[in-house]
Each structure stands twice: as C-alpha cells, then as structure tokens.
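Me: I'd like to learn how to read a structure feature by feature. Could you walk me through one?

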Amino acid sequence: KEHIALPDNITHINLAEITEGAEVHDHGTAVASLIAGDHPALRGVAPASEIISVRVADETGISDTFTLAEGIIAAADNGAAIINIAMGSPGRSNVLQNAVNYAHEKGAVIFASSGNEGAERASSPAMLDNVVSVGAVDGIGQHLNFSNQDPNLSISAPGLEIFAAAEGDSRFSFSGTSAAVAYPSGTIAAIISESQNLITPQQALDILIANTNEAGVPGSDPAFGAGILDIGRALNHDTPGIYDLAVASHNFALPEENQPFAGLQITVENRGTETVRGSTLDVNVGGQNFSINLPTLNGAARHTTNIAAGINQLQRDGTLDISSNISTPEQATDSKPQNNTRHDQITASP
C-alpha cells in the first residue's frame, strides 16, 4: 500500500491475485517502513533505499512455495541487491532453495525471518543455505520466546512492539521476527549507501555480522546467532578513535555429562574501533570476588573468561547474583561507559 512514510518511486511486481474490493493485508507496508521509512514518525534504517515491492501473497497474507520462489527470482532479475522475506512455512523446499541459490549467484543477499512458533528450527526459507536467518529480541536484548531458534541462526534484532506503517498513513505496534528481519537488511543497505568505497552486499553483510553484540552462550548459538544487531557499530566500523569495552554476556553452565566447563562464562567485547590494553575485569559471583587482567583487545574482538564458582550456591538456593565491571586506562574516553558494568541473576531450571 502507499503510505506517507514510503517513497513514491517504488517498483511494483505483482505475482499474486488480489480480490477486487478486498481489504489488503498491510504486512509488507509495515516491514518496508522499517527499512526505508522517511518520515519523522516512522524513520527506517535506510531511508534512501530504492524499494522493489514483489507481491507474493493474497489480500490475507497467504502465499505458497512456488509463488515465493518466483518472487525471489523476479527480485534478483530486477536488480535487487538485498531481498527481505518476512514470511515462512515449515519444511525444506528444493524449489525455494534453487530460487535462493539463483539470487545468491546474482550477488543478492537474502534475509528471512526465523518464524514465530517458538520452535527449535527456523521456518523456510530462513532454514535454507545462502539465507541470512533473523531471530527476535526485546529492547534489552533478551531472546523472545516466540522467536524460532536454530543451530544455524545468523543474527538477532529487535522484534517486540515495533512501530511501523499502517493503513491510512497511520502507524501501529507489532511484534515478530517479520519486524526483526527488516533491521539487518536495512542496515546493509545503509552500509552500502554510506561506504566511501564501492562494496558488494556480501561485503556489507560481513561487516554487519562482525559487528554484532555477543549474547547468550559464547560464540554463535541457536537463540541469538552470531549476536544482536548493533546498527551504530556496523555503520561506524571504520571510524577511528572509538573506545567501547562492554561486558557482553554472563552465561552459567551447570555440570553436565560431556560438558567441558561448569561455572560462569563472562564475555567481554571491544565494540569500538581502537585497540584497548591493560584492562581489568572485576567479578562478583554470589559474594565471591575475582579480579582478572584482560588481554589486549583489538576492535570487534571478544574474550571469554571462565570462573568455576557459584555452582553449589545456585544448586542450593536456585538463584545466583552476578555482577561484572571493566576498569580500563581509556575509561575517560569510553563512548558508552554504561555497558562496562553488567548485573544478572541466574535462575536454575527445574
């Protein structure tokens, strides 16, 4: 649908029939506004983007595998550098995989929402090869229970109560991985737009993934993928003079068979662009204090420290309070000193 927040020069490719006079589902309008909205009330990530709208669903938002595959091919043939897919269904499809491969070979980066079933497997096409699968987190970076997890999840982004375009030049709040997927796809459009040098969509994606914020289990994991999208970090990845150490995550592992470590895992992340040396991490685990000298961390580097403490207290009490704080010689120039400290309460699962 047309909307005051969206550009007038949208290219429309209609592959699905719409019943004459029917009220049209505005899901696509909402997602497009998160990417390319250009209005004070609805500012998208990349408002200068050129939009190709490929209609693959009827007025109720229902589509099928063949039409979606046709839409992916049509987008690629019409020069789309980034393909955003905010829909999915269960089960792997060779037809969809072939369409994705075709678009990928033409240089496009394909994003897809992981799905909203609270499942341990992403929907299709998010589960397919050559697709960037996107899960959802809330405003403080917690995984949302409805967001499908997957061993191959790529990245997570905000997906709770997001304001987007609605019918009649209005806006509404909606939640889901359809909202989340718009943010990273818009971000690589912005990276390409703001780059001083000509870069490909894949190079922009590599920048985005390298500058995500660690969350959950150290490294890539089914709940968060490579981490949580940080638009500012991605856009400023080559800006010199940024100092920003952060306590990225507290992960607690209880003793289990074949598990290499039990206790607290603390990941510190250099979210700036400058190398940081001589920093100290002070940790309190249920009243026990630890002081750890951190190694030199280059820009975008991560370091995980393991502390085998708190296990008995957690098993006895069911909860464990943890706090960490980074002290660094560059403290005065740290761009976000608030993320130098982190507090969490770990709860034992029944």
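Reply: Let's go through the sheets, a helix pair and a pocket. Keep in mind that this is a predicted model.

Me: Okay, sheets to begin with. In what order do strands 5, 6, 7 and 8 sit, and is the pairing parallel or antiparallel?

Reply: To read a sheet, follow the strand order and the direction of pairing. Here the four strands make an open sheet in the order 5-6-7-8, with parallel pairing. Strand 5 (82-85) and strand 8 (155-158) are the edge strands, each pairing on one side only. From one strand to the next, the twist averages 30°.

Me: Can we zoom in on one pair? How many bridges are there between strand 6 and strand 7?

Reply: Strand 6 (residues 109-113) and strand 7 (residues 131-137) are joined by 4 bridges, in the parallel sense. If you want a spot to click on, Ala 112 has Ser 133 of strand 7 as its bridge partner.

Me: And which helix lies across that sheet?

Reply: That's helix 4 (residues 177-194), which lies across strands 5, 6, 7 and 8 and runs at about 160° to strand 6.

Me: Helix 4 also meets helix 1, I see. At what angle do their axes cross?

Reply: For a helix pair, look at the distance, the angle and the hand. The axes of helix 1 (residues 27-36) and helix 4 come within 8 Å and cross at roughly 35°; the crossing is right-handed. Helix 1 brings His 27, Val 31, Leu 34 and Ile 35 to the contact, while residues from helix 4 include Ala 179, Ala 182 and Tyr 183. By type, the contact has 6 nonpolar residues, 4 polar and no charged.

Me: What about the sheet with strands 14, 13, 16 and 17? Why is one side of strand 14 left without a neighbour?

Reply: This open sheet goes 14-13-16-17, and its pairing is antiparallel. Strand 14 (288-293) and strand 17 are at the edges with a single partner strand each, so each has one side without a neighbour in the sheet. Neighbouring strands are turned by 15° on average, direction ignored. Strand 16 (residues 319-327) runs antiparallel to strand 17, with 7 bridges between them, and Thr 319 stands opposite Thr 347 of strand 17.

Me: Last one: how do I find empty space, and what is the volume of the second largest pocket?

Reply: Rolling a water-sized probe over the atoms shows where space is left empty. The second largest pocket has a volume of about 1,300 Å³. Among its 44 lining residues, Gly 141, Gly 216, Phe 224, His 250 and Arg 342 are the closest to the centre. Strand 11 (245-253) and strand 17 (341-347) are the elements giving two or more residues to the lining. That lining divides into 18 nonpolar, 16 polar and 10 charged residues.

How values were computed:
Residues are numbered from 1 along each chain as its sequence is written. This is a predicted model: local features need pLDDT of at least 70, side-chain atom pairs count only at pLDDT 80 or more; totals for chains, interfaces and linings use all residues. Side-chain values use heavy atoms; hydrogens and water are left out. On a 1 Å grid over the protein atoms alone, a cavity is a set of points where a 1.4 Å probe fits but cannot get out, and a pocket is an open set with protein on both sides within 12 Å along at least five of seven lines; lining residues have an atom within 4 Å of a point. Grid points are joined across faces, edges and corners, and a volume is the space filled by probe spheres set on the points. Ala, Val, Leu, Ile, Met, Phe, Trp, Tyr, Cys and Pro count as nonpolar, Asp, Glu, Lys and Arg as charged, and the others, Gly among them, as polar. Two strands pair if DSSP finds at least two bridges between them. Axes are lines fitted to C-alpha atoms, for helices over the stretch in contact, and angles run from 0 to 180 degrees between N-to-C directions. Contact means heavy atoms within 4.5 Å. A crossing is left-handed if the near helix is turned anticlockwise from the far one by less than a right angle, and right-handed if clockwise.
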